Amino acid sequence: MGLRDDQVERYSRQILLPHVGGLGQEKILAAKVLVIGAGGLGSPAALYLAAAGVGRIGVVDSDKVELNNLQRQVLHSTKTVGELKVESAKRTLAALNTDIEVIPYNMRLTSGNILDVIKGYDIIVDGSDNFPTRYLVNDACVLAKKPLSHGGIFRFDGQAITIVPGKSACYRCLFPEPPPPGLVPSCQEAGILGAVAGVIGVIQANEVLKLILGIGDTLTGKLLIFNALDSSFRSVKVPKNKDCPVCGEKPTVTRLIDYEEFCSLRRKDAK
Amino acid sequence: MPIKVRIPTPLQKITNNQADVTVKSKNVRELIEDLNKSFPGIKERLCDEKGNLRRFINIYVNEEDIRFLKMDATPLKDGDEVSIIPAIAGG
């Protein structure tokens, strides 16, 4: 397809990289990435993917921008408070890079719609903020064989893992089931340092770019653990689990599950 | 040299805000009991009523998940580092 002059100029600093080059940039421009959640993780992830020139970026979120989001959700700004997050996200990303297509999905993912949404994308980024969505996204990506970059944050902690279905461990190989309602506090109740979301979201963008380019080693088969207080990165091994409920030898999860929503704050919001 | 146990943020309330504690346990089962003696209530956060490790919390000895070693019979030796890692969902 070849790159236009303005594309050569815009992406010159990454085209210079021996691992990227013109061909690598063409791969990035042809890539379709779905970012689930335009929040703390989805914001930095989508910004870096858009800046790098990912040709089509889908953004899924059902919320509106609130003032208390702005401390970490850098896609949004003071003047977009009250707008749909996906519309605010689309404008920010389109302003950053006119070269790409941004598709907003103002919806909450469910077992009934997720496969249709992820169908049109090569790679999925999970930046959602609750366990039911995270397990739904993992299971859907395993069933649809879509590579998934998972990130999670809590207070000063962050986690990231990359899942290539059929090849590496999935999220249920790591944690077979979500916690029951009420046992784990949500972000809204527990708090989060904005920069922690930035660190993990940018790691997710980096994972996606490596998957697109086919370079380096991704976080497949290992969980990266970041702690902001001691600035430490550690990783632990995550082997494929033959007893995994969704990708093991005898799967018990053979269709998608809508887990009970257990964040009481969110339940109240939804009404 | 004792065994260092890394306590995840959600459980640090129980450990008086300590991010790591040390124990001298011989295996993971003993470690959970020893932790519970020093920090009552931590066991029920880690294990269900039957005493099995909860399915959204993992224990690692060094970099290895005990589910792929000998579960709670996984032996511990001086200098090992144990990490308790729960699923976190914030975004």
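These legends walk through several close-up views of a predicted model with chains A and B.

**View 1. Chain A as a whole, a chain of helices and strands.**
Let us start with the overall picture of chain A, which has eleven helices and eight strands. Its C-alpha atoms fill a box of roughly 55 × 45 × 40 Å along the principal axes. A compact globule of 271 residues would have a radius of gyration near 18 Å, and chain A agrees with its 18 Å. Of these 271 residues, 48% count as buried. Contacts in chain A often reach across the sequence: of those with a separation of 6 or more, 68% are between residues 24 or more positions apart.

**View 2. Confidence along chain A, and a stretch to treat with care.**
The mean pLDDT of chain A is 94, and 93% of its residues reach 70 or more. Residues 262-271 are another matter, with a pLDDT below 50. Beyond near neighbours in sequence, this stretch still has ten contacts in the model. Where pLDDT is low, the predicted coordinates should not be read in detail.

**View 3. Helix H3 of chain A and its buried side.**
Which residues of helix H3 (residues 21-30) of chain A are buried? They are A:Gly24, A:Gln25 and A:Ile28. These residues cover an arc of only 100° around the axis, which puts them on the same side of H3(A). An α-helix has 3.6 residues a turn, so residues three or four places apart point the same way. The cover over the buried residues of H3(A) includes helix H2 (12-15), helix H4 (42-52) and helix H10 (194-213) of chain A.

**View 4. Three strands of chain A, joined through S7.**
Strand S7 (residues 222-227) of chain A pairs with S6(A) in the antiparallel sense, over four bridges. With S8(A), S7(A) again runs antiparallel, and here six bridges join the two strands. A handy residue to follow is A:Phe226 in S7(A), the bridge partner of A:Gly158. A:Phe226 also stands opposite A:Phe233 in S8(A). S7(A) and S8(A) form a hairpin with four residues between them. In the turn, look for A:Ser231, whose phi is positive at about 50°. As background to this view, strands of a sheet pair through backbone hydrogen bonds, either parallel or antiparallel.

**View 5. Where chain A meets chain B.**
Here 30 residues of chain A are in contact with 18 residues of chain B. On the chain A side, helix H7 (131-144), strand S5 (148-154), strand S6 (157-163) and strand S8 (232-237) each supply at least two residues. Which of these elements gives the most to the side of chain A that touches chain B? That is S5(A), with three residues. The residues on this side of chain A divide into 15 nonpolar, nine polar and six charged.

**View 6. Chain B as a whole, with two helices and five strands.**
Read along the sequence, the helices and strands of chain B follow the pattern β-β-α-α-β-β-β. The radius of gyration of chain B is 12 Å, close to the 12 Å that the globule rule gives for 91 residues, so chain B is as compact as a globular protein of that length. Its C-alpha atoms fill a box of roughly 35 × 25 × 25 Å, taken along the principal axes. Buried residues make up 32% of the 91 residues. Among contacts in chain B between residues at least 6 apart in sequence, 50% join residues at least 24 apart.

**View 7. The open sheet of chain B.**
Five strands line up in the order S2-S1-S5-S3-S4, with mixed pairing. At the edges are strand S2 (20-23) and S4 of chain B, each of which pairs on one side only. Further in, strand S3 (residues 57-61) of chain B and S5(B) pair in the antiparallel sense over five bridges. To find this pairing in the model, look for B:Tyr60 and its bridge partner in S5(B), B:Ser83.

**View 8. B:Ala73, a loop residue of chain B.**
B:Ala73 is found in the loop between strand S4 (64-65) and strand S5 (81-86) of chain B. Is this residue buried or exposed? B:Ala73 counts as exposed, because it has 11 C-beta neighbours inside 10 Å, and the cut-off for exposed is 12 or fewer. Not counting residues up to four places away in sequence, B:Ala73 touches B:Asn27 and B:Arg29. B:Leu46 lies 27 residues from B:Ala73 in sequence and 15 Å from it in space, C-alpha to C-alpha.

Technical notes
Residues numbered from 1 in each chain as written. Chains lettered and ligands numbered in written order. Predicted model: local features only at pLDDT ≥ 70, side-chain atom pairs only at ≥ 80, totals over all residues. Buried ≥ 20, exposed ≤ 12 C-beta atoms within 10 Å, placed from the backbone. Arc of directions from axis to C-beta. Contact = placed C-beta atoms within 7 Å. Nonpolar A, V, L, I, M, F, W, Y, C, P; charged D, E, K, R; others polar. pLDDT = per-residue confidence, 0-100. Rg over C-alpha atoms; globule rule 2.2 N^0.38 Å. Pairing = 2+ DSSP bridges.
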